[in-house]
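Visitor: Could you give me a close look at one pocket here, and then carry on to a few backbone details elsewhere? Take your time, I'd like the cut-offs too.

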Amino acid sequence: MRLLSAAVEQAPVTVLVTDKAGRIEYVNQAFSQVTGYSMDEAIGQNPRMLSSGEVSREVFHDLWKAISSGNTWQGELCNRKKDGSLFWEHATVSPVKDEGGAIAHYLAVKEDITLRKEYEDRLEHQANHDQLTGLPNRVLAMDRLGQALALAGRGGKVVVVMVVILDDIGKVNDTLGFKAGDAAVIAFSQRLSRTMRQCDTLARLSGNEFLVIIGDIDTPAMAEVSAHRILEDCHQSLKIEGRDIFLTARIGMTAYPTDGRDPLVLIRNAHAATVRSEERGRNSFRFFTPKMDEEAQARLKIEGSLRNAIERNELSVFYQPIVAAGSRRLIGTEALLRWSHPELGSVSPDRFIPIAEASDLILPISDWVLRQACRDASRWQAKMGIFKLAVNFSPRQFRSLDLVEKILDILEEEGFPKECLEVEVTERLLMSGMNNAKIILDTIKSFDISLSIDDFGTGYSSLGYLQNFQFDTLKIDRSFVKEVDGAEASRSLASAIIEMARALHMEVVAEGVETVEQERILGELGCQAMQGYLFGRPMPANEFDVLIGL
């Protein structure tokens, strides 16, 4: 017995004995050396004291099921030491039975395998990651692409595959050496990583070739934002060995499921698109499908033209009257952005505003619209007294905490009263999940600026969100208004929206009123204000001057 006791106490592996209830009765010296807990600290405790939270419940369920049935369990456990650090053990846990064959104790013999696990992790990382950049390599990228395609197939989503070829690395190698070339590749890959969403994958396929996998999107066009950002990064120099280096890139893009469903086919298509991209010169991108590429280039042309539209005086603000229900008395106006392009003609807001939002051009454009609208409306407010100016705000603007300060500065500079401005947002902002949105809206409200929710009824969470925001005005979307003089169900729906707004102490404005019958019905339902072609189309500021008698 003394020999056995000495052997167990001096064994190089952890030995732990518990009673049937799982309370520790004995630990050897190795246990204390590995875990940091002395025998006195461990006696009477449950082995759960070592739990790290990194092991699934299923593992412990299987362990307990096995040993309580009289069987031995073996497996790997990630535990936590007394100092908080994690370690891995290979454990063998067995029941100890008494003379009658009943389980009396449990014996755990465990070996510290932390170093082996770290070595395995390093080997796995080396097998699946590029040694220079640390990015996933071709092997891991193909696995990630397969997972993205499977997920998109189940959810009806789109996956876009990009091949990014980095030009000029050869010149860097020739002039500054391979060490500088490697540094340029690392710096470029780090820039690319910062532009990616967490759910996207960036991998290095070869020396100057990268793969980008963009999943969980609804249309291929949504991936163009990432392509633009990559090309914009190329316009910024890299500081390599004290020198400013400028690189260029070519991007080929292809989409699942329209261009293919197999990972290898999609990568081949993206490679083919990079060849077509070279035809346009460097720092450009092409889609694999000609039609999709044509649409992308049209959007690119619009974005390029939009960048200088303010300086070229191509943008203008039109104003649509808002009238009181019944009397048709003019009580306000909504500012609406218009773009007249010298080649494309009048470009629809539905076409260019989403592009402006995707490229962040919406920020300077929105500032310009607010300033111009306040400048024009100051004349009308001076003549009419209380006069409401509704200005649309993009969800993109609410990412900046200085939005309120910017609004107040413009109001002061243009001499327009705060209480006459109405900040108009859509349900898309409320459902975006941005933490700043409510804070900014509440702050705007605190300065006596009105809040309006536009296009009401087009979002899926409308009713729940209205209770959490202090809106003054609710605008019924034109899609509801145009049916109000038709089916009884449409009228009932409009009535329900108006009654709900009343209960929340909100004024209701009906958009898109085009007929006298629509005006009559909405008035009877309790709508307080209206706008639409029946009362006036959007018009430039000089025509609005005439409307109010200036």
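**The second largest pocket and beyond**

Guide: Let's start with the walls: β1 (14-19), α4 (57-68), β3 (73-80) and β5 (103-112) each give at least two residues to the lining of the second largest pocket. Those labels are DSSP runs numbered from the N terminus, with helices being H or I of at least four residues and strands E of at least two. Keep in mind that this is a predicted model, where local features need pLDDT of at least 70 and side-chain atom pairs count only at pLDDT 80 or more, while totals for chains, interfaces and linings use all residues. Residues are numbered from 1 along each chain as its sequence is written, and side-chain values use heavy atoms, leaving out hydrogens and water.

A pocket, by the way, is an open set of points on a 1 Å grid over the protein atoms alone where a 1.4 Å probe fits, with protein on both sides within 12 Å along at least five of seven lines; lining residues have an atom within 4 Å of a point. This one holds about 550 Å³ of space, the volume being what probe spheres set on the points fill, with points joined across faces, edges and corners. Its lining runs to 20 residues, and nearest the centre you'll find Asn 46, Pro 47, Arg 48, Phe 60 and Leu 63. Sorted by class, 13 of the lining residues are nonpolar, five polar and two charged (nonpolar: Ala, Val, Leu, Ile, Met, Phe, Trp, Tyr, Cys and Pro; charged: Asp, Glu, Lys and Arg; polar: the others, Gly among them).

Now for Met 142, which sits in helix α6 (residues 138-155). Leaving aside residues up to four places away in sequence, Met 142 touches Pro 263, Leu 264 and Ile 267, where contact means heavy atoms within 4.5 Å. Met 142 and Pro 263 are 121 residues apart along the chain, yet their C-alpha atoms are separated by 6.9 Å. Met 142 is partly exposed at 23% relative accessible area (buried is under 20%, exposed over 50%, partly exposed in between, with a 1.4 Å probe and protein chains only).

On to the loops. Between β11 (249-256) and α10 (263-279) you'll meet Pro 257, and the peptide bond leading to Pro 257 from Tyr 256 is cis, with omega near 5°. Arg 328, in the loop between β13 (315-324) and β14 (330-341), has a positive phi near 60° without being a glycine. His 505 also isn't a glycine, and its phi is positive at about 60°; look for His 505 between α19 (488-503) and β20 (507-510). Arg 328 is partly exposed at 39%, while His 505 is exposed at 72%.
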